[in-house]
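The following exercises concern a contact between two chains and a pair of packed helices. Please work through each task before reading its solution.

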Amino acid sequence: VSRFGSLPRRLVHVVIVLFGITLVTFFLLRLIPGDPALAILGSSYTHARAQAIDSGLGLNRPIWSQYGLFMGRLFHGSLGFSFFYREPATAVIVQHIPATLFLVAYSAVLAALISLPIGFAAGLRSGRAADQASRVFFTLSFAMPAFWLGIILILIFSVHLSVFPISGFGSGVAGHLYYLFLPALTIALGFSTVLVRSLRAATVSTLHAEFVDTAQMKGIPWARVLRRHVFRNAVLAVVAVYGVNLAYLISGTVLVENVFSLPGLGTLLVNSVSDRDYPVVQGVTLVFAVLIVAINVLTDVVQAALDPRVGQEIGT
Amino acid sequence: MIRGSRSRLLSAGLAALALTATACGGSSSSGTSGGSNGSGTLSTLVIANAVKVDTLDPEANSVNESIWLDQNLYSRLLQPNATGTGLLPDLATSWGISKDGLTYTFHLRRGAEFANGMPVTASDVVYSIERSRAFKGGWGFLLTPVKTISAPDPHTVVVTLSQPHAPLLADLAMYAYSIVPEKLVKAQGAAFFQHPVGSGPFMVTSFNPDTEVDLARNPHFYGTKPKISKVRVLIVPNDNTRVLELESKKVDVIENPPGNLVSEIDKTPGLSVQLFPSTRVDFIQLDEHYAPFKKVLVRQALNYAINRNAIVKLAYQGHAVPGASFLPYRMEFYDSAIKPYPYDPAKAKQLLAQAGYPHGFNAFLITVSGDVAGQAEAVVVKSELAAVGINVNIQSYELTTAYSKEDSGHSQMGERYWTNDIIDPDEVATFGADCQGGANAFSSYWCDSQVNKDVDQARSELNSTVRQQLYNQVQQAVYQQSPFIVVDYSPYRYGVGHWVHGFHATPLGNYDLSLETLTVSSH
């Protein structure tokens, strides 16, 4: 990850990436057959009505001038007006950020809580029954599609046991924690597989490292060797995996948001593509890009905090 | 109701029985009512819709579910009745039409008030209609013959026309011409529709278009106060989740339970799937830019080659009616003398040979991905046309992409459907049969000058016997010449708990009338 070199250089990269994304999404979107007028009018489409809509939305201008207008607005912090919601796209997107962000953070925490102890234990007892059991369980949960796993969790915890709500976001932090538990668990179970497997592998290889033997021979108690030397080094190897997958997780919330009727960015993105709501699609894509870049940078920072060698490389 | 619900996953099912039992009132409880103790009533109804709310601004609505929602909030001059075959007074208690058919005078209800207590005046009515008329890409084109709309006094609205226009009353009963308070809309602009104030039976207390809209009884409503005091409308896009919400009794009514779960819901004690006649017509357009479809014999052959009963059974679990006329089933001026083409592959082969295609031809059929019923229909069509030598290649696209391909007139065959926005046949005839109506006869690009003339004449003809005659001619011509294959008429489908008494949707899809009277038992 440190291949980006210094932080300032990295920020320049970020700007270039974001610019590229505006260009690609803007023109790709317009290559999709069907336009906003058709999405709005459906079966009662007529050429005259479509033209009226196009002129109302400014879609009758040349495409380059539309792109120029979009970029001009973007520098002033505006994404334009949502065709579908009829309010500023920025406002629409901001309303949808909390659900997704909360869900991703919640899933990430749950995944860490699930996979750290299990992955470490599986590594310590590699090849034994507990290790095999965790392998089977997490391979299955990884293979289960989120929409199916989500429905099964709803059936068990909401319909039969009535302990968690079926859908919705709740209000207040406590409400969110309660309402988002099942969706977060759905995501966390799939996400944990990668973490458990890599933590297990890292633990096994760390156990065989020479410094572990050295520490043991120095007479350090085994529990302390595990805590200070094995666990710390093994977790370090997993942080990068965690970061990269977390970035994927953001875009992967779409299915889960659908199953649990959550008003998040994933749902918004899918709906807006169907509606050909160009300003919103462009905006959400940008937000996703910013989030993913931010998580990557954050991963570096965490890694540096855990391992001074990484920090030195970033700092040069 | 332009777009219909996003997905036709909905498809729909309807026993012919339910269709013929007009205005079945939706009163539910037959069989056991599990969990309902029958004692006590609840004040809140919870409905789960599949589609988010686009807006509560009637001039701009395009999503059916949102249209049905905002009909609970606003009044119009008139409203369609429960069977969708006539009009009832709403804000106008009576109206008169001049002898030449060019002047309509509406007398407004005295004492009608908006939900905030402000009186509804004639100038609000004029403002609202003019506002919707001017909306770009909206429904202003329906009112093209309207010359002036004026308010000579606070209780009278006068509409003058440049030529007689038979659908005028039906047009004014449409959602787009809902009445909003002029002062507030002018002062607040778009923000008004985040917390709108109308004169309908309910008002909005909380508006989250993606998750939940809450309504409360409007204390100033002119009519009988609804028996329930609150309605919560949840947005639950996932089909399975919606059904689970109903099964766990957290929700009272769900729209569009998926076809494959209908029998499961019916088997669950206390729940049932209710079907309401709709104005939906499922058809397959035949694009006349494709050489074989230029020939009327080929188009007729396809009609004989397709087994409508098999499609109804496989795609709609038996809950649809085989299609005959292109007008929505049993709407005003529907010609019942027209019967569905019989299933007759031998006759189809003979017609194809006569047309010069004894060995058939290749064609592709556009379907909408995710539309379960539509996919099933496509498979049946493919296998039946193969039997007469026509090789059909099914192409699936996302909804708007599919429409874009079908509208452009290079689609060969395409699955489509229609739903009415008004109760008058003028709309469907203009879009479906008049090639100069703007929609190229449902994008078939079929053109018949006599039909165009008949549609125009029926629009300005006020004598209903003559109109019936004209619309019969149009329906006969479309039936004979088959610019598209009318496959079936499918109903609206709702999953309803037996503790809800009196839920009912009209053929236009509105359920506001039933929300005024229904009751909810504790369960």
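Buried area is the accessible area (1.4 Å probe) that two parts lose on being put together, summed over both. The model is predicted: local features need pLDDT of at least 70, side-chain atom pairs count only at pLDDT 80 or more, and totals for chains, interfaces and linings use all residues. Residues are numbered from 1 along each chain as its sequence is written, chains are lettered from A in the order in which they are written, and side-chain values use heavy atoms, without hydrogens and water.

**Exercise 1.** State how much area is buried between chain A and chain B.

Solution. The buried area is about 3500 Å², and carbon and sulfur atoms give 55% of it. On the side of chain A, the residues losing the most area to chain B are A:S43, A:R49 and A:R86, together 19% of what that side buries.

**Exercise 2.** Find the salt-bridge partner of A:R86.

Solution. A salt bridge requires a side-chain nitrogen of Lys or Arg within 4 Å of a carboxyl oxygen of Asp or Glu. Four salt bridges are counted between chain A and chain B. In one of them, A:R86 pairs with B:D57, with the closest N and O atoms 3.1 Å apart.

**Exercise 3.** Classify the crossing of α5(A) and α13(A).

Solution. Helices are DSSP runs (H or I, at least four residues), numbered from the N terminus. Axes are lines fitted to C-alpha atoms over the stretch in contact, and angles run from 0 to 180 degrees between N-to-C directions. The axes of α5 (residues 89-124) of chain A and α13(A) come within 7 Å and cross at roughly 135 degrees. Angles under 35 degrees count as roughly parallel, over 145 as roughly antiparallel, 65 to 115 as roughly perpendicular and the rest as oblique. The two helices, α5(A) and α13(A), are therefore oblique to each other.
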